[in-house]
Structure formats: structure tokens, C-alpha cells
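I set aside this page for what I looked up in the structure, one topic to an entry. The sequence and the coordinates come before the notes.

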Amino acid sequence: MPPDNLSRSTQLFQFRVPGLPDITLALGLPEVLEIARLPEPTPVPFASSFILGLSKWRGNIVTVLDLSSLSGRVTDAPGGALRPDYDPGLRHLVAQVIVDTRRETVAWPVLPGAGSLTVPPRVPQTHIPPGVPAEIVRLAISVSNQTLVLLNLEHLTGGIGNALGCGEVMAIGHVQQGTDKQKKPQP
Amino acid sequence: MTNTPDSQTLHYLPVEVSGQLFAIPMQDVSAVQRIDAGTDPEGVTPQGNGSSALAVPVIDLSHLFWDRASPLPGRHAVVIATDVGTCAVLVNGLRPASTAQAMDQSALPHLPAFRHCPFRGLVHEPDALVLIVDCRALVEKLRRASPELILESGHAT
């Protein structure tokens, strides 16, 4: 990950995400594994609302995130279902993050135009753009009159990972246990 | 939630809920009952009628997982029995029971976002990733939300 004060020249990877097209986000280049097309994510009921689902990348399970949901600008689909505007044609940024000493792989869809850039030393810091939660930001800097928001992946995948509870649930009826109507399927 | 599938070979019942497949371990499946056309499940069975057959509350998984419900006729109620209780979950469709070897299974990622999800892993099917339902965790979760939805384990046998 890049140093917090960017005291020397640093290589970053910049990108934008659907739902937040006017904000340029960035990661340290070593955190980025690949830009790739992934199979459509499998939604996970009861997962946090910023989880789009699970997908596969190079044979491994990756957690697909919805960064735009963190801004509160986009209404989440209920129960962790894929958002209706999810675009399966977009490529995903695949990144690695350490969670509780374990290496995990995460990904999120990115808009076209993502790429690496070299940031000179001692670039000026700037304010975090409205709508971006401060806890997921490592640093906001100004590069060529453009604000660049460096993400803190550990906080992104750890600190705000509160799961939804199980809301009000009602039985819609009853079935009888132990009647001849029932049969157990055979494997 | 357990993050690692607890057996090398998993015998499971693939169920479809609102277009998505889930795997219910066969060891937890007590019975399956089709909801017939014209049947109002609310009136199928009087609860606690003293007969040998016990009424098991039915919970619509579509509503539980996605907050949407489907018409009832033609759907199936899968009775899941665990050591912490029994309930019945309504699903949209069934596929033939199947078996997954260890190499076809994965653990869920170790992210806090999944810590309270009632799933204990994934089955890699050719065209999809299928979440393995942790029936014990699901029953516990339902019991915490609405205790009346769960038959105590002593009554379910």
C-alpha cells in the first residue's frame, strides 16, 4: 500500500466505478491484481449491502463489492440481490487485501478508462469529496487539479462489514411432520 | 456460521429460490412436501392438534432472502431438522439430489460481511456457484427473530 504522506514518487492505479462516475478512486499499484471480466456474482442473502456477491477469478472465490453503495447515492436492492442496473459487461478490478492475517481477494466493477499513474512526491492533500465515507479513505490528494481518493481496503472490507439482521419473518402456513404426503428425496 | 464445509463429500438437495440455487445438506432434510394448487397452507393443518403428526411452520425463503414472494401452488416445502430445532422452508423449485466432492467445494471468504450469513460454503456447479445452507445457523437465526417459527428439537423427532 502507498505511504500515507506520499513522501516519494508513488505508483497508483486510478479508476471510477458505476454509480460514482464523477469521483476518481485509487489504490496502490501492488494491491491491484488484475482488471478482468468475471462471471456474474452470486448474491449472498444477509450479507452487507455493499456486497454484490461471490464470483470466481482464476479458480478462486472472490468477493464482489459495490463501492457506489457506500456513498448512499444508490438505493440498494433488498436482501443483497444484484442491483437491477448491474452491468455484466463491465470489467472488474481484482485486488488483494489482508483480513485478520488472511489474504482475501475482492473485486468490483470499474468503468472504462482505468489505469496506472505515477504520483510525484509531496502532492497536496485535499478534502474528501462529499458522499465518500472518510473511514474508507486513506488519503485524498490533488493531482493535476483532479482529486484522487486513495482507498483503505482494510477498512473497506473489515470495519464496515456489519451484516444485516434477520428482520420480521412470518410463517405462511404449516406442513405436517410425519404424514405419508412427505418423502425424503434420495441422493 | 462455519466457514469451512464440514465434510469431504456433501450430499445435498439443490433448491431454487427466486431464480438462484442453494444447496441444503441432505443430512438436514427431513421431508419434502409439494404445495398443491388450490391449497391454502394456512389451513392445511391445525397446529398442536394432539395427533401424531406435528404441524411445522412454513417460511417462504424468497421472502426471507429477497423480500419478495411468489405464488404458492407448485412450490415445495422442505422440512429441515437440526439439533436446535425444526422448520419448513418454502422454495420455488427442486433439482435432483446431488453430491459434491471436496474439490468441488469452497469456504466462504473470511470477511466480516459474511460472518452472520447462514451459509457454510459453496458448491462449484458447472454454471453457477451454489451457496450451502447452514441449516443450524438458519434455524438459530429464525428462532432469534421469531421463536414461534421453530419446533423445538425434542418435538421434531
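The entries below go from confidence to strands, sheets and the nonpolar core.

**Entry 1, confidence**

I began by noting that this is a predicted model, and that it scores ipTM 0.83 and pTM 0.83. For chain A I found an average pLDDT of 81, with 76% of the residues scoring at least 70, and for chain B a mean of 82, with 81% of its residues at 70 or more.

I then asked where in chain A confidence is lowest and where it is highest. The low end is helix α1 (residues 153-159) of chain A, with a mean of 67, and the high end is strand β3 (residues 32-36) of chain A, at 96.

I marked the stretches to read with care. In chain A, pLDDT stays under 50 over residues 73-79, for which the model has 17 contacts beyond four places in sequence, and pLDDT also stays under 50 over residues 159-165 of chain A, where 17 such contacts are likewise listed. In chain B, residues 43-52 stay under 50, and there the model has 13 contacts beyond four places in sequence.

**Entry 2, chain A as a whole**

I went through the secondary structure of chain A, which comes to one helix and eleven strands. Read along the sequence, the pattern is β-β-β-β-β-β-β-β-β-β-α-β. Of the 187 residues in chain A, 37% are buried. Among the contacts in chain A with a separation of 6 or more, 57% come from residues 24 or more positions apart.

**Entry 3, the sheet with β1 of chain A**

I traced an open sheet of five strands in chain A, in the order β8-β1-β2-β10-β9, and its pairing is mixed. Its edge strands are β8 (115-119) and β9 (137-143) of chain A, each of which pairs on one side only. From one strand to the next, the twist averages 35°.

At one edge I looked up how β8(A) is held to its neighbour: strand β1 (residues 10-17) of chain A runs antiparallel to β8(A), and five bridges join them. In this pair, Leu12(A) stands opposite Leu117(A).

At the other edge, β9(A) pairs with strand β10 (residues 146-151) of chain A in the antiparallel sense, over six bridges. Here Ser142(A) stands opposite Thr147(A) in β10(A). The hairpin of β9(A) and β10(A) has two residues between the strands, and Ser144(A) takes a positive phi near 55° in this hairpin.

**Entry 4, the sheet with β7 of chain A**

I followed another open sheet of five strands in chain A, ordered β3-β6-β7-β5-β4, again with mixed pairing. The edge strands are β3 and β4 (51-57) of chain A, each pairing on one side only. On average, and with direction ignored, neighbouring strands of this sheet are turned by 30° against each other.

Which strands did I find joined to β7(A), and in which sense, parallel or antiparallel? Strand β6 (residues 91-99) of chain A pairs with β7(A) in the antiparallel sense over nine bridges, whereas strand β5 (residues 60-65) of chain A runs parallel to β7 (residues 102-110) and is joined to it by two bridges.

On the β6(A) side, Ile98(A) stands opposite Arg103(A). The hairpin of β6(A) and β7(A) has two residues between the strands, and in this hairpin Asp100(A) takes a positive phi near 50°. On the β5(A) side, the bridge partner of Thr63(A) in β7(A) is Val106(A), and Val64(A) stands opposite Ala107(A).

I added one general reminder for reading such positions: in a regular strand, the side chains alternate between the two faces of the sheet.

**Entry 5, the nonpolar core and chain B**

I asked which residues touch the most other members of the largest nonpolar core. That core has 91 residues, and the answer is Ile24(B), Val78(B) and Cys87(B). Leaving aside neighbours within four places in sequence, I listed the contacts of Cys87(B), which include Val56(B), Pro57(B), Ile80(B), Val139(B) and Leu149(B).

I finished with Leu94(B), which lies in strand β7 (residues 93-94) of chain B. Leu94(B) counts as partly exposed because it has 17 C-beta neighbours inside 10 Å, and being buried would take 20 or more. Beyond four places in sequence, Leu94(B) is in contact with Leu13(B), Val15(B), Val32(B) and His76(B). The C-alpha atoms of Leu94(B) and Val78(B) are separated by 9.5 Å, at 16 residues apart along the chain.

Key: Residues are numbered from 1 along each chain as its sequence is written. Chains are lettered from A and ligands numbered from 1 in the order in which they are written. This is a predicted model: local features need pLDDT of at least 70, side-chain atom pairs count only at pLDDT 80 or more; totals for chains, interfaces and linings use all residues. Two strands pair if DSSP finds at least two bridges between them. Axes are lines fitted to C-alpha atoms, for helices over the stretch in contact, and angles run from 0 to 180 degrees between N-to-C directions. A nonpolar core is a set of buried Ala, Val, Leu, Ile, Met, Phe, Trp, Tyr and Cys residues joined through C-beta atoms within 7 Å. A residue is buried if 20 or more other C-beta atoms lie within 10 Å of its own, exposed if 12 or fewer, and partly exposed in between; C-beta atoms are placed from the backbone. Two residues are in contact if their C-beta atoms, placed from the backbone, lie within 7 Å. pLDDT is the predictor's confidence in each residue, from 0 to 100.
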